[in-house]
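Got the viewer open? Here is a short tour, one selection at a time.

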Amino acid sequence: NSQFIQGMRVSDQATMDASIQACSLIRSQLETKLSMGLANSPMHGTRVRVASANVITAKPAGIIDGIDLQHTGLVRKIDTVAMNTLLDLGNVVLLSPLGYSPTGEAFSLSYQQVASEIAIALQADKLIAFTDQDGISNTEGELIRELNPTTAQASIARQDQNNEFMRCAKTAIASVEGGVPRAHLMNYANDGALLQELYTVDGA
């Protein structure tokens, strides 16, 4: 059980240990999937190289409303030189929502903030976020296909702010305001959503 203060988790040592274990397990599972190269499959003979690095410098989130967030941190800096070098070598760069301080401390970070800060730092063409909703809907419940940051902020203002989708929506808004040309929100439950979003006119 975790305590949340203004949407941020209080990460004590037990929570931090569990976060590191979870990140290690998920990383292993993703690397396994990206290493598949079965004969008679689209991946036959393909070699996908996966790289990681300590490119995220973090700082403690500190005290909010009198509560010490302990091992919860905020992104201080992204090492874009290291990331671009890995990308230029043809790697898929796989990063966990963990950051490290110059003193050697590890911090648990919001993966939404990590994604946004990296997209802005790399001057990415777009940020794609998978979440638990199809996107932002109007008052009639119809999916809105395109929004700018101002209208997006107005559209989510009337909704419950403390959930997964709202955090991703705010991340999309912050990324575009930070210079990323486009941000896409799509439902991870929809099979083929990424392909539809990238390769069809209407998208997912």
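Start by selecting helix α4, residues 149-156, together with helix α5, residues 164-177. In this predicted model, the two helices pack at an angle of about 160°, and their axes lie 10 Å apart. Angles over 145 degrees count as roughly antiparallel, so that is the label for α4 and α5. Turn the view until one helix sits in front of the other, and you're looking at a left-handed crossing of α4 past α5.

Now show side chains where the two helices touch. On the α4 side, pick Pro-149, Ala-152, Gln-153 and Ile-156. Their partners in α5 are Met-166, Ala-169, Lys-170, Ile-173, Val-176 and Glu-177. Colour this contact by class and you get 7 nonpolar, 1 polar and 2 charged residues.

Next stop: the cysteines. How many disulfides does a search of the whole structure find? The count is 0. To see why, select Cys-23 and draw a distance from its sulfur to the closest cysteine sulfur, which belongs to Cys-168. That gap is 16 Å, too far for a bond; the cut-off for a disulfide is 2.5 Å. Come at it from the other end and the story holds: Cys-168 is in no disulfide, and the nearest cysteine sulfur is that of Cys-23, 16 Å away.

While you have these two selected, switch on a surface. Are they buried or exposed? Cys-23 has a relative accessible area of 16%, so it counts as buried. Cys-168 is buried too, with a relative accessible area of 3%.

Now for some backbone angles. As a rule, most residues other than glycine have a negative phi. With that in mind, go to Asp-65, in the loop between β5 (63-64) and β6 (67-68). Asp-65 isn't a glycine, yet its phi is positive, about 50°. Its relative accessibility is 61%, so Asp-65 counts as exposed.

For the last selection, jump to the loop between α3 (111-121) and β11 (126-131), where you'll find Gln-123. What is the phi of Gln-123 near? The value is near 55°, again positive in a residue other than glycine. Put the surface back on and Gln-123 counts as exposed, because its relative accessibility is 69%.

Technical notes
Residues numbered from 1 in each chain as written. Predicted model: local features only at pLDDT ≥ 70, side-chain atom pairs only at ≥ 80, totals over all residues. Heavy atoms only, no water. Axes fitted to C-alpha atoms, helices over the stretch in contact; angles between N-to-C directions. Helix = DSSP H or I, 4+ residues; strand = E, 2+ residues; numbered from the N terminus. Parallel < 35°, antiparallel > 145°, perpendicular 65-115°, else oblique. Left-handed = near helix turned anticlockwise from the far one by under 90°. Contact = heavy atoms within 4.5 Å. Nonpolar A, V, L, I, M, F, W, Y, C, P; charged D, E, K, R; others polar. Buried < 20%, exposed > 50% of the residue type's maximum accessible area, 1.4 Å probe, protein only.
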